[in-house]
Amino acid sequence: MNRLSIYLPGIFALLLSVTGASAQEAFGIAPDSELKLPGLNQYAPADSVGSSAVAGRTVQMEAALTEEGGPLKYGLTWRVFHPIPGPDGKLPLLATAEGGSAQFEFEPGDYFIHVAFGRAGVTKKLTVPREGPVEKQRMVLEAGGLVLNAVSGIDARIPSSQLRFNIYKADDGIDEDQQLVVADVKPDTIVRLNAGTYHIVSEYGAVNAVIRSDIRVEAGKLTEAVIQHRAAQLTLKLVSEPGGEAIADTAWSILTSGGDVVSESVGAFPTIVLAEGEYTAIARNKGTVLQREFTVLAGQNSDVEVLLN
């Protein structure tokens with residue numbers, strides 16, 4: 001397995017070149033939900049037209065990550081569609097198979113074959129002749145894998161419960177206009193994708209610690225990317241003396257240096273994650289309003305105490 005390290009501002013990527021059996025191990029076998037089907041319209045469920053294609057000529061099928069790669073042995077989902085939409089405008093799904101290489105029985109005619117490997121997929125039109133040899137169908141996915149993680153500051157590991165990633169197809173639009181490929185990806189999860197450039201939105205906490213990066217996925221390679229957040233975790237405390245007991249039933253507002261409210265909460269010691277910068281903490285307790293300015297430094301988790309007196 002070949003390794004190539006790449007560093008860009010705010011992101012470290014490790015590319016693992018994988019082929020053959022090692023590709024199976026590197027990309028894993030857990031299926032991804034809500035698969036996209038490139039090149040196909042909506043389709044009808046299999047039970048609306050029968051659970052399998054009608055008997056006829058046998059066609060062998062295999063899929064590989066790259067043109068030079070060997071056949072994948074598991075992790076594939078095969079789907080066979082009739083090329084003519086039904087009355088509802090959907091392509092009838094004739095048959096499915098899970099695992100590695102597959103074979104189907106076809107009557108002579110035209111079909112669409114789609115194979116998926118996680119979120120990667122490719123579609124091919126198949127014509128089955130009445131006579132003569134039927135060639136094995138080889139589908140090249142041109143797919144790779146992506147594993148995401150993040151640190152705060154230089155190398156402070158972020159708990160996985162506080163991280164999430166959204167993966168978009170990279171283009172010139174903003175998030176709302178870009179095609180969402182997969183949402184709420186947890187750290188250290190292998191996401192199998194078609195080769196190409198993807199726009200990654202990394203969210204640390206639930207306030208304003210957001211990093212955006214473009215990452216390229218290469219066919220036949222597993223890219224492990226570590227995104228660098230400029231943020232830290234803060235615990236807010238209203239105290240009667242430095243280092244004292246936090247006072248309960250305190251309402252908190254956090255303002256940016258420009259006066260915008262970025263967080264509101266109630267509690268003795270709420271914990272929040274904030275992007276690096278200057279802020280003001282406002283504490284309200286039993287009619288008393290107090291405030292304190294503070295600075296967030298990347299990777300430096302700390303307590304922010306507001307003195308009651």
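Me: In this predicted model, what makes R192 a charge that sits over the ring of F117?

Reply: R192 lies over the face of F117, at 4.5 Å from the ring centre, and because the cut-off for such an arrangement is a distance within 6 Å together with a position within 35 degrees of the ring normal, the contact is assigned as a charge over a ring. A second case is K169, whose charged end sits over the ring of Y198, 4.8 Å from its centre.

Me: Why is the pair of Y279 and F294 called stacked?

Reply: The ring centres lie 5.8 Å apart and the planes meet at 20°; since pairing requires centres within 6.5 Å and stacking requires planes under 30 degrees apart, both conditions are met and therefore the pair is stacked. It is one of 3 aromatic pairs in the structure.

Me: What does the pair of Y279 and F294 tie together?

Reply: Y279 belongs to strand β23 (residues 277–285) and F294 to strand β24 (residues 288–296), so the pair links parts that are 15 residues apart in sequence. Both Y279 and F294 are buried. Elsewhere, F104, F106 and Y111 make up one aromatic cluster.

Me: How do you know that Q228 is buried?

Reply: Q228, which lies in strand β18 (residues 221–229), has a relative accessible area of 19%, and because buried means under 20%, Q228 falls on the buried side of the cut-off. Its side chain reaches the backbone oxygen of G153 at 2.6 Å, a distance that satisfies the limit of 3.5 Å for a polar contact.

Me: Why is D184 called partly exposed, whereas D188 is called exposed?

Reply: D184 has 44% relative accessibility, and since the partly exposed class runs between the 20% limit for buried and the 50% limit for exposed, D184 belongs to that class. D188, at 53% relative accessibility, passes the limit of over 50% and therefore counts as exposed. D184 is placed in strand β14 (residues 180–185), while D188 is found in the loop between β14 and β15 (190–194).

Me: What makes the phi values of D184 and D188 worth noting?

Reply: Most residues other than glycine have a negative phi. D184, although not a glycine, has a positive phi of about 55°, and D188, also a residue other than glycine, has a positive phi near 65°.

Me: How do you know that β8 and β9 pair?

Reply: Strand β8 (residues 109–117) and strand β9 (residues 120–128) run antiparallel and are joined by 9 bridges, and because at least two bridges are needed for strands to pair, the condition is satisfied. Among these bridges, F112 has K125 in β9 as its partner. The hairpin of β8 and β9 has 2 residues between the strands, and G118 there takes a positive phi near 65°.

Me: Why are β22 and β25 described as standing at the edges of their sheet?

Reply: The sheet is open, has 3 strands in the order β22-β19-β25, and shows mixed pairing. β22 (271–275) and β25 (302–307) each have a single partner strand, so one side of each is left without a neighbour in the sheet. The twist from one strand to the next averages 40°.

Me: What makes β19 and β25 a pair, and in which sense do they run?

Reply: Strand β19 (residues 231–239) and β25 pair in the parallel sense over 6 bridges, and since at least two bridges are required, the assignment follows. One of the residues involved is K237, whose bridge partner in β25 is E305.

Key:
Residues numbered from 1 in each chain as written. Predicted model: local features only at pLDDT ≥ 70, side-chain atom pairs only at ≥ 80, totals over all residues. Heavy atoms only, no water. Helix = DSSP H or I, 4+ residues; strand = E, 2+ residues; numbered from the N terminus. Axes fitted to C-alpha atoms, helices over the stretch in contact; angles between N-to-C directions. Buried < 20%, exposed > 50% of the residue type's maximum accessible area, 1.4 Å probe, protein only. Polar contact = N/O pair within 3.5 Å; in protein donor to acceptor, adjacent residues only side chain to side chain. Phe/Tyr/Trp six-rings, centres within 6.5 Å; stacked < 30°, edge-to-face > 60°.
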